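Reader: I would like to go through this entry with the reasons for each label spelled out. Please show the sequence and the structure before we start.

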Amino acid sequence: MASILERKQPSTSITACFHCGDVCTTATIKSAEKTFCCEGCKMVYEILNENSLCEYYDLDKNPGITQKFKVREGKFAVLDDDNVKKGFISFSDGTTCHTQLYLPQMHCSSCVWLLENLGRLDKGILKSQVNFLKKTVSVVFDSEKTSLRKVAELLTRIGYEPHISLSNVSKKPKTKHNRTAIIKIGLAGFCFGNIMLLSFPEYFSIQAAGETSLYKLFSFLNLGLALPVFFYAASEFFVSAYKGFRERFLNIDAPIALAIVITFGRSVYEILSQSGAGYLDSMSGIVFFMLIGRYFQNKTYDSLSFERDFTAYFPLGITVLNSDGTEKQVPVSDIKVGNRIKVYNEEIIPADAILFLGKAEIDYSFVTGESAPVNKTIGEIIYAGGKQIGQALELEVVKEVSHSYLTQLWNNEAFKENAEEKKVSFVHALSRYFTYALFSIALAASIYWYFNDTSKILDAVTSVLIVACPCALLLSATFTNGNMLSMLGKLGLYVKNANALERMKDIDTIVFDKTGTITRQNESKVNYQGKELNAEQKEALGYLFRQSSHPLSRLIALELPITTKQLVSDYSEEKGRGLHGSVNSLDIKAGSLEYVDVKNVREDVEHGSRVYVVIDNVFYGYFTIQNKYRNGLKALISNLKSKFTLLVLSGDNNSEEEKLRNFFGDRATMIFNQKPEDKLQFIKKLQAEGRKVMMIGDGLNDAGALAQSDVGIAVSDNTNNFSPACDAILAGDHFYAFHKLIAYARAQKTIILGSFIISIMYNIVGLYFAVQGDLEPVIAAILMPVSSVSIVLFTVGMSSLLALRVKKHDNHHI
């Protein structure tokens, strides 16, 4: 800190603002021996200094945003209006509020650091997280200590005025193509075509034929057409290069900008001095084709991101209540406003809804990271992302499901902090060294041709600066991961993010849960043995079991149909052990023998899983569930055994151990009667031995083990048994092809390496011709986006081809 405060401005005739880097027209605005261009920049510095945040200036030189333009007082007063505020608040429990704001000024690592430390400027801000690519910041704040308006005003004071659009209040803005980019491409293309047309006198040597006046006229018309290309269409290359220089970083736009400047400058000189026609057709062609290539890259990336956020396969189901009282299981994506839905114990509420029936105890840890349940009464709104703890609820949907919101919550850092996710890829550093090498090659080529053939200097230098580009190299991982995540979703494996995908390649041990994971949830055989149950007791049991999301509870509930709604009170459930509640004055406990606490009853482990029943402290009997295993399990295990160490970790008894050994083999490790905490400790033990562990479970009872494992996968059978702790969701009807899906995911590294090789080969070949002066600059400008296209086609093509092979395997299986 002291080193920052003691750092002094260089004594030069032109003084740069310590905060934003702009030229100071006066040296009178000072603070702590620092000079500022305006009072606004000085104020921001003083705010950061008072809050011990001057490390902001250590990360980048002059990283701030100029404060010369004042924001009118009261501009954000509209955010105090409750109706307006609702459009910006994605979650609120009365105190904690979540919002996401777009900050177009965000441009460097210092911005990210400062924006993620907003809590040190306002104690009411609990957390702030930046999405640099989208230039957004997600802010969690305490509404009793601060407000949405104060958050917006704070951001504005430090130079990041949020873009506030009231379209947020009525509807979600649609993604639109970048209009400015399209206008620039159109302008550059128009000018390029006309410059080529007007260059015919030069192409056909009209000057030599005596038509000098026509030649001059066309030359100056070309110059006029080139001006908007140079000053407007190409401006983004100059701005990007300038920002890089200001941060002492040579980005990939620097050589492109230099090539454009050299070509334009040489052309202006030749036309004005009447020594030639210049290279304005090449310059405008360079800009035109570079803009097309950049637009294609951005559009492709945006389309991958859009599909990922909103339309990617998300295998979750929810129970919808029909008007006649019957229940229907539907995908969460089909939920509409006004639907009456039913949410069971431990299930995630997928959309904002009003509570109509039941006692709601909502665990918002999925949203806030705090696990203390929040009680809700009938008529209150419950926000998406909350998890019900207790009896089943009936709710009416007031806002449609947003996959982007669920995905955002799923990727919340609170659920899985992994140091690997924070590592910066070596590929990003490659851009800096690549640019230095590129300038060195261009300089060497210019020196060589200076002594051998000066006519080739311009073509050689500009072609070198344009044709070589690490963009394709840098994009290979992005496009590969994006397309593979999309393809895996369509094949039935929805992976949280690219980091989870990358961790799959290191897995050497796979741990399987049994019930609901390798067994079919709705096809097991259920039998009851014990004292005869009357109609009232059967209906009460059926309604109690319907409150739970456990696979065994669901199976038993299907065998106990109900005719009328029952009132459930004092409901509680212990994961993996049992449940308890009162239904129509009947006190019922059901679960393991240990849970119901019955004496003189021997556990029989030879005939399947058992759920024991006690009604009004009287032991009645038990339900026996004989499991049916998923189709293709034997072939799946056979394929996995040769590549991974396989284990079975079950909370059930060992009644089906013999059957399981037919699948897994006699030497496989199988551990039974495991509580959720036992599973968690077992995963930790395996990791302590140096193993990279993948856990495959049902998503709820295995939440702890899923979170602890290196990769956690929840198996879903169109039910909402989803845990934010998991890294992926596997659709139950694709379970048999899991070995193919894992092999496909692990091919990611091979595809990326292949694209690296193609990119490197392209750069070597392009530079070989460029340094010899045999490559026209306009051709180089065409080849550069072609290289990006080739990488996209390779990564998308290879990942799609491999996905097609997996899909053919699916069709053959069917």
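Reader: How much area does the chain expose, and what share of it do carbon and sulfur atoms supply?
Author: The model is a predicted one. In it the chain exposes about 37300 Å², and 55% of that area is supplied by carbon and sulfur atoms. Of the 814 residues, 53% count as buried. The chain has 29 helices and 28 strands.

Reader: What makes the pair of Phe230 and Phe264 stacked?
Author: The centres are 4.0 Å apart and the planes make 10°. Rings pair if their centres lie within 6.5 Å, and planes under 30 degrees apart count as stacked. Both conditions hold for Phe230 and Phe264, so the pair is stacked. Phe230 lies in helix H10 (residues 212–233) and Phe264 in helix H12 (residues 253–272), so the pair ties together parts that are 34 residues apart in sequence. Both Phe230 and Phe264 are buried. Phe230, Phe231, Phe238 and Phe264 form one aromatic cluster.

Reader: Why is the pair of Phe512 and Phe664 called edge-to-face?
Author: The ring centres are 5.7 Å apart and the planes stand at 65°. The cut-off for edge-to-face is over 60 degrees, so the pair of Phe512 and Phe664 gets that label. Phe512 is in strand S17 and Phe664 in helix H24, 152 residues apart, and the pair links these distant parts of the chain. Phe512 and Phe664 are both buried. By this rule the count of aromatic pairs comes to 15.

Reader: How do you know that the charged end of Lys531 sits over the ring of Tyr620?
Author: The charged end of Lys531 is 5.6 Å from the ring centre of Tyr620. The rule asks for NZ of Lys or CZ of Arg within 6 Å of the centre and within 35 degrees of the ring normal. The distance can be set against the limit directly, and Lys531 is listed as sitting over the ring. Arg630 likewise lies over the face of Phe735, at 5.5 Å from the ring centre.

Reader: What makes strand S27 and strand S28 a pair, and in which sense do they run?
Author: Two strands pair if there are at least two bridges between them. Strand S27 (residues 711–716) and strand S28 (residues 728–731) have four bridges, in the parallel sense, so they pair. One of the bridges joins Ser716 to Ala731 in S28.

Reader: Which sheet holds these strands, and why are S16 and S25 called edge strands?
Author: Seven strands form an open sheet of mixed pairing, in the order S16-S28-S27-S26-S17-S24-S25. Strand S16 (493–495) and strand S25 (669–671) each pair on one side only, and they are the edge strands. Neighbouring strands of this sheet are turned by 20° against each other on average, direction ignored.

Reader: What does helix H24 touch, and how do you know that it packs on the sheet?
Author: Helix H24 (residues 657–664) touches strand S17 (509–512), strand S24 (645–649) and S25, where contact means heavy atoms within 4.5 Å. The direction of H24 makes about 150° with that of S25. Helix H27 (residues 738–746) also packs on the sheet, touching S16, strand S26 (693–697), S27 and S28. The angle between the directions of H27 and S26 is about 140°.

Conventions. Residues numbered from 1 in each chain as written. Predicted model: local features only at pLDDT ≥ 70, side-chain atom pairs only at ≥ 80, totals over all residues. Heavy atoms only, no water. Helix = DSSP H or I, 4+ residues; strand = E, 2+ residues; numbered from the N terminus. Axes fitted to C-alpha atoms, helices over the stretch in contact; angles between N-to-C directions. Phe/Tyr/Trp six-rings, centres within 6.5 Å; stacked < 30°, edge-to-face > 60°. Buried < 20%, exposed > 50% of the residue type's maximum accessible area, 1.4 Å probe, protein only. Areas by Shrake-Rupley, 256 points an atom, 1.4 Å probe, with all protein chains shown as cover.
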